[in-house]
Amino acid sequence: MSSTNPTSTLVVSLIGGSHFVNHAYFMLLPPVFGPLQSELGISTAQSGLALGLVGFVVVALQLPFGYLSDAYSRRAVLAISLTVGAVGAALTATAQSYPWLLAAATVTGVGIAGHHPAHYPMLSAATEPSARGRAYSIHGFTGALGFAAPPAVVGVVSSAAVPGDWRAAIALLAVLGGLYAIGCLWLVVTRLPRSVTHAPGSRSGAPREKRRPLRTLPRRALAGVRSTLSATAIVLLTLLWFLVSMVVWGIQAYTAPLLTDGYGVDASTANLLVSAMLVVGAVAILGGGWLTDRYGPRNTVLGGLAGVTVVAVVLASAVLPIVLALAVTLVFAATIKAARPALSTLGDALSTRDDLGKNFGLLTIGISGGGAVAPPVFGALSEATSIRTVFWAMAAIGVVAFAFTFVVLAIGDASVAHASDATDG
């Protein structure tokens, strides 16, 4: 990813844009829950179920798409992701009933599911090890921006008093996503070499006599999934990503309640501060890429986990005056978000070149699992005790994750050491 490698620059740009688009599709429903419930006559629980269905489909298809990416074509998986995602957004914009909305959510989930199994292998293939952390950090940063896009677009369209405002906003995102898909895929097909768009030894494009019949595809896919689940280091890294994801979601969901209930900050100020915290966290992802390339993935992960643990303890103990507490809150998300590119680099280091799609599919399940488990667990903990207990729990998870990192490093020591040597060089 340097000025002397135009292919790397192009891949990082295209994949970054695709990450933005896919994360925008993931956030289509929350900004329009109110009008959606009113027009379709559904409850809050039903709208939440539709959003949950998107996440369920994404998780369920990670390993199948990872297998297709590794065994056949990363380019094909990327094409499925971008085109099906745009169709899902269009179906959401035109939903006339709850079954229609559920169908749209399913289609949207299918589209979103393909992006990580295609993105990470293409980024890895196009970048040198010494710049891989920065490539993954740009990927993470554009994804963070994508999550913020639907609320912003819905807000702008609503303020402009456009007829059918929420449908117009979602339709606009669908059109923009579709146009991006056309442009991105044209460049992928015409400008990128096979070494980027296909894994080494992939069956797509192989001589006809070496191709296996399609009827054996389910059996081969199952064997690929079993192979991934037998890779001890990747399974352990998935568990580490799960723990980190729990902390990330805990920070995002419960920092505002801590400020209001624990420090007496009014709700509007607390929410504004949390928004600022998330912006700082997104920027920290970029900084984490530089740290990963400069100091190695292991040091960056350990530093991020140590930082988030210390900050969680300080906030939970309420030892700081309110002004300092507010200042510390701004850097809260940054401590853990800076470790994200390093975790991606560890996943890369623990993979061979023909299993990146499946491995990152499994790692994505860890991320999604943490996001699914943390809110209800921390919510129940807060109700049973207090909001400060949630932050003590996050600090405890940070300690466990810090120690568990050494287990992952020990299991995959040779690969991780090689990655660290590459960044130092």
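Trainee: Which element gives the most to the lining of the largest cavity?
Mentor: Keep in mind that this is a predicted model. The elements that give two or more residues to that lining are α1 (6–26), α3 (44–60) and α6 (98–113). With four residues, the one that gives the most is α6.

Trainee: And how much space lies in the largest cavity?
Mentor: A search of the whole structure turns up one cavity of 30 Å³ or more. The space in the largest cavity is about 60 Å³.

Trainee: How many charged residues are in its lining?
Mentor: Let's walk around the wall: the lining residues include Tyr25, Phe26, Leu51, Val54, Thr92 and Thr108. By class, nine are nonpolar and two are polar. That leaves the charged count, and for this lining the answer is no charged residues.

Trainee: Let's go to valine 175. Why is it called partly exposed?
Mentor: Valine 175 sits in helix α9 (residues 165–191). Buried means under 20% relative accessible area and exposed means over 50%, with partly exposed in between. Valine 175 gets the middle label because its relative accessible area is 49%.

Trainee: What accessible area does the nonpolar patch with Val175 have together?
Mentor: Val175 shares that surface patch with Leu172, Leu176, Leu179 and Ile182. Together, their accessible area is about 480 Å².

Trainee: Last one: how many residues of helix α17 are buried?
Mentor: Helix α17 spans residues 340–349 and is mostly covered. Among its buried residues are Pro341, Leu343, Leu346 and Asp348. Out of 10 residues, the buried count is nine.

Notes: Residues are numbered from 1 along each chain as its sequence is written. This is a predicted model: local features need pLDDT of at least 70, side-chain atom pairs count only at pLDDT 80 or more; totals for chains, interfaces and linings use all residues. Side-chain values use heavy atoms; hydrogens and water are left out. Patches are made of residues with over 30% relative accessible area and no salt bridge: like charges are joined within 9 Å, nonpolar side chains (Val, Leu, Ile, Met, Phe, Trp, Tyr) within 5 Å. Accessible areas come from the Shrake-Rupley method with a 1.4 Å probe; for residues, only the protein chains shown count as cover. A salt bridge is a side-chain nitrogen of Lys or Arg within 4 Å of a carboxyl oxygen of Asp or Glu. Buried means under 20% relative accessible area, exposed over 50%, partly exposed in between (1.4 Å probe, protein chains only). On a 1 Å grid over the protein atoms alone, a cavity is a set of points where a 1.4 Å probe fits but cannot get out, and a pocket is an open set with protein on both sides within 12 Å along at least five of seven lines; lining residues have an atom within 4 Å of a point. Grid points are joined across faces, edges and corners, and a volume is the space filled by probe spheres set on the points. Ala, Val, Leu, Ile, Met, Phe, Trp, Tyr, Cys and Pro count as nonpolar, Asp, Glu, Lys and Arg as charged, and the others, Gly among them, as polar.
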